[in-house]
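Colleague: Hey, I'm new to this one. Can you pull it up and walk me through it?

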Amino acid sequence: MATAGKNLSAYNKDTIPNAKDFRFGIIVSEWNDNITENLFQGAFDVWIENNVFKENIVRWNVPGSFELIYACKKMQETFEMLDAIVVVGSVIKGETKHFDFVCEGVTQGIKDLNIQHDIPVIFCVLTDDTMQQSIDRSGGEHGNKGAEAAVAAIKMAQLRKDANFYKG
């Protein structure tokens with residue numbers, strides 16, 4: 001495995017835009033909450049480390065990963081002042097094709113929201129074969145994908161701000 005023994009969540013704070021004026025949404029799946037809560041905490045910690053005010057972070061919970069799409073659409077419609085949204089979920093492969101349908105549906109749904117709306121949506125849905133892989137990617141030996149998603153959200157919020165500036 002290419003990521004074996006590597007923590008991929010380290011980042012250089014000097015390369016991150018100043019996030020003090022940004023507002024973020026985060027939608028967290030309650031399914032596999034031992035994983036998704038760690039992902040949320042990783043994202044939250046990065047935002048706080050990068051000067052985002054707690055009151056500028058809006059959190060919604062949903063029952064599972066498939067519900068992330070609807071909630072994200074509603075968050076985009078409700079909070080137009082958000083600069084980016086992170087969707088957090090964890091789907092672990094089981095013995096049926098349910099895994100494939102959920103992963104494909106969530107991936108395509110989030111992609112569609114990125115195309116249809118002006119608020120960037122960052123995909124932080126783990127799609128692992130085993131619980132151990134999810135643990136390793138939610139604060140374990142491979143870092144925390146929530147932290148990585150928060151960094152991506154900051155960068156995309158800056159890109160959106162810059163693009164809107166040039167648009168006039």
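Colleague: Okay, how many bridges join strand 1 to strand 3?
Modeller: Five, and the two strands run parallel. Keep in mind that this is a predicted model. Strand 1 covers residues 24-29.

Colleague: Which residue stands opposite Val86 in strand 3?
Modeller: That's Ile26.

Colleague: And what about strand 4, how many bridges join strand 3 to it?
Modeller: Eight bridges there, and that pair runs parallel too. Strand 4 is residues 121-128. One pairing you can look up is Gly89, whose bridge partner in strand 4 is Val125.

Colleague: Is strand 3 largely enclosed or exposed, and why?
Modeller: Largely enclosed by the rest of the structure, because eight of its nine residues are buried. Strand 3 spans residues 84-92.

Colleague: What do strand 3, helix 3 and strand 4 make together?
Modeller: A right-handed β-α-β unit. The helix in that unit, helix 3, takes in residues 98-116.

Colleague: Tell me about that helix. How many residues has helix 3, and what does it reach from its first C-alpha to its last?
Modeller: It has 19 residues and reaches 27 Å, close to the 27 Å expected at 1.5 Å a residue.

Colleague: Which residues in helix 3 are buried?
Modeller: Phe99, Val102, Cys103, Val106, Gly109, Ile110 and Leu113. They cover an arc of only 140 degrees around the axis, so they sit on the same side of helix 3.

Colleague: What do those buried residues pack against?
Modeller: Helix 2, which is residues 68-78, plus strand 3 and strand 4.

Colleague: And which exposed residues does the face turned away from the buried side carry?
Modeller: On helix 3 that face has Phe101, Ile115 and Gln116.

Colleague: Switching topics to cysteines. How many disulfides does the count come to?
Modeller: Zero. Take Cys72: the closest cysteine sulfur is in Cys124, and at 13 Å that is too far for a bond. Looking from the other end, Cys124 is in no disulfide either, with the sulfur of Cys72 as its nearest cysteine sulfur, 13 Å away.

Colleague: Is Cys72 buried or exposed?
Modeller: Buried, with a relative accessible area of 0%.

Colleague: Same question for Cys124, buried or exposed?
Modeller: Cys124 is buried, with a relative accessible area of 3%. The cut-off for buried is under 20%.

Terms used
Residues numbered from 1 in each chain as written. Predicted model: local features only at pLDDT ≥ 70, side-chain atom pairs only at ≥ 80, totals over all residues. Heavy atoms only, no water. Buried < 20%, exposed > 50% of the residue type's maximum accessible area, 1.4 Å probe, protein only. Helix = DSSP H or I, 4+ residues; strand = E, 2+ residues; numbered from the N terminus. Pairing = 2+ DSSP bridges. Right-handed = clockwise from strand over helix to strand, strands pointing away. Expected span 1.5 Å × (residues − 1). Arc of directions from axis to C-beta. Contact = heavy atoms within 4.5 Å. Disulfide = S-S within 2.5 Å.
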